Amino acid sequence: MMSAVVSAADVRRSRVRLFIVTMLFLFTTVNYADRATLSIAGPALSKELHLDPVAMGWIFSAFGWSYVVAQVPGGWLLDRYGSRLVYAFSIIVWSLFTMMQGWVGFFSAGAAIVVLFALRLLVGVAEAPSFPANARIVAAWFPGNERGTASAFFNSGQYFATVIFAPLMGWIAHDYGWRYVFFVMGGLGVVMGLAWIKTVYGPKEHPSINEAEFGYIKDGGALVDLDAPKDERAPDSGPKWDHIRQLLSNRMMLGVYLGQYCINTLTYFFLTWFPVYLVKERGLSILQAGFVATLPALCGFIGGVLGGIISDAILRKSGSLTMARKIPIVGGMLLSMSIIACNYVEGQALVVGFMALAFFGKGIGALGWAVVSDTSPKEAGGVSGGLFNSFGNLSSITTPIVIGYILAATGSFNGALVFVGLNALVAAFAYLVIVGKIERVVLKRSS
């Protein structure tokens, strides 16, 4: 009966899911802006605290250590308590820890380094549930033929964060000092966390959804019961340790994990060392770097949205989920290798142009979260997203450290850009050779 209602009243279908994905986009934007605060404040902060490149590399990596370790526990919390409340708690807590980083300047140099490292660890723990929650919410709110675009749209917030906030944070650091970068961004996050509690609900609970939209997303494969109240769930529902074992023994998922690790290497170069590259290798001021960084970020944003649109268009035309996801990912990663060309040009315009091309390709290929929404088993969506993000964000640890050592050894970013470009090549290989057919994982019941 619901299908009949939908087909007869398609014009009257509500569009609450568009509001939901817009909220995910906004929160992802703030999420990545908070991660990037240290890269914008980094040049002035490192000068004040007398930090060398290796020390800065380790401090950049602090977020990644705890973020990776907390992924599976964060996913378990999502599967156990639902996306809405866990995400709200996550937003508010990570924003408070971001604000507190502005106070490290009041400590002596040695103590400031320890406190800053500790606070970055705590931000990583608090942010851990955010992206698995995004994937769960998209799986609950969007039918299969819209999931690629929705996932690409919220994921593109990582680039939009730089477009909007890099100039703002650069101006704040230049005119008011690096401490205020943390104060302003942390305060904004707390406000948005409170807004989340008031506006975001699951499909069954949202006051504005009508029967036409609910029927449309449910018939299209949306997991509308994902966050059903506890009394509506099966007694043995919820994540199990055996679910983790089964996911880790699945070849498709292992290929996806490797691909995401390599794709995120580009992301974390951009979030950590890119502003330093512009200042120290290309001679820009920190204010100029904040504005220059917006062009590659804007291209990444455009590529991100375009990648989702292309993927869903291929799915509608071919009916093949595998082709729809792999073609943009592989093509985008090969295009991202253009970052290596920055080593062979001198003009700032050419450097920024090749960076923009690389991040446009990275945006097109950044469909990993769509793949998670497509493949995660219903009973372990949060854990599946947590595993995916754990492997993917190992690069948040390795990328800043490896680049720090490359700089210390060579005094140049040339080797660092080759390192980043080769990771894009490995990502393309992972999806072409290892992943195989993309389909939802069906878990076996443990005896």
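Leaving aside neighbours within four places in sequence, Gly-57 is in contact (heavy atoms within 4.5 Å) with Trp-273, Pro-400 and Ile-401. The model is a predicted one, in which local features need pLDDT of at least 70 and side-chain atom pairs count only at pLDDT 80 or more, while totals for chains, interfaces and linings use all residues. Residues are numbered from 1 along each chain as its sequence is written, and side-chain values use heavy atoms, with hydrogens and water left out.

**Three buried positions**

Gly-57 lies in helix H3, residues 53-69; helices are DSSP runs of H or I with at least four residues, numbered from the N terminus. Gly-57 counts as buried because its relative accessibility is 0%. Buried means under 20% relative accessible area, with a 1.4 Å probe and protein chains only. A residue distant in sequence, Gly-404, is 347 residues from Gly-57 along the chain, yet the two C-alpha atoms are 5.0 Å apart.

Ala-380 sits in the loop between helix H18 (368-375) and helix H19 (381-392). Its relative accessible area is 0%, so Ala-380 is buried. Outside its neighbours within four places in sequence, Ala-380 contacts Asp-79, His-243 and Leu-443. Of these partners, Asp-79 is 301 residues away along the chain, with a C-alpha separation of 6.6 Å from Ala-380.

Ser-311 is in helix H15 and is likewise buried, at 0% relative accessibility. Not counting residues up to four places away in sequence, Ser-311 touches Ala-324, Arg-325, Pro-328 and Leu-367.

**Packing around helix H17**

Helix H17 (residues 348-365) packs against helix H15 (residues 294-318), the axes coming within 7 Å and crossing at roughly 25°. Axes are lines fitted to C-alpha atoms, for helices over the stretch in contact, and angles run from 0 to 180 degrees between N-to-C directions. H15 and H17 are therefore roughly parallel, a term for angles under 35 degrees, whereas angles over 145 count as roughly antiparallel. The crossing of H15 and H17 is right-handed, meaning that the near helix is turned clockwise from the far one by less than a right angle. The residues of this contact divide into 11 nonpolar, five polar and no charged. Here Ala, Val, Leu, Ile, Met, Phe, Trp, Tyr, Cys and Pro count as nonpolar, Asp, Glu, Lys and Arg as charged, and the others, Gly among them, as polar.

Helix H16 (residues 321-336) also packs with H17, at an angle of about 165° and with the axes 7 Å apart. H16 and H17 are therefore roughly antiparallel. Their crossing is left-handed, the near helix being turned anticlockwise from the far one. On the H16 side the contact includes Pro-328, Ile-329 and Gly-332, and on the H17 side Leu-357, Ala-358 and Lys-362 are among the residues. By class, this contact has eight nonpolar, four polar and one charged residues.

**Cysteines**

The structure holds zero disulfides, a disulfide being a pair of cysteine sulfur atoms within 2.5 Å. The table gives two of the cysteines, each with its closest cysteine sulfur.

| Cysteine | Closest cysteine sulfur | Sulfur distance | Relative accessibility |
|---|---|---|---|
| Cys-262 | Cys-342 | 19 Å | 2% |
| Cys-342 | Cys-299 | 12 Å | 0% |

For Cys-262 the distance is too far for a bond, and so it is for Cys-342. Cys-262 is buried, and Cys-342 also counts as buried.

Key: Helix = DSSP H or I, 4+ residues; strand = E, 2+ residues; numbered from the N terminus. Buried < 20%, exposed > 50% of the residue type's maximum accessible area, 1.4 Å probe, protein only. Parallel < 35°, antiparallel > 145°, perpendicular 65-115°, else oblique.
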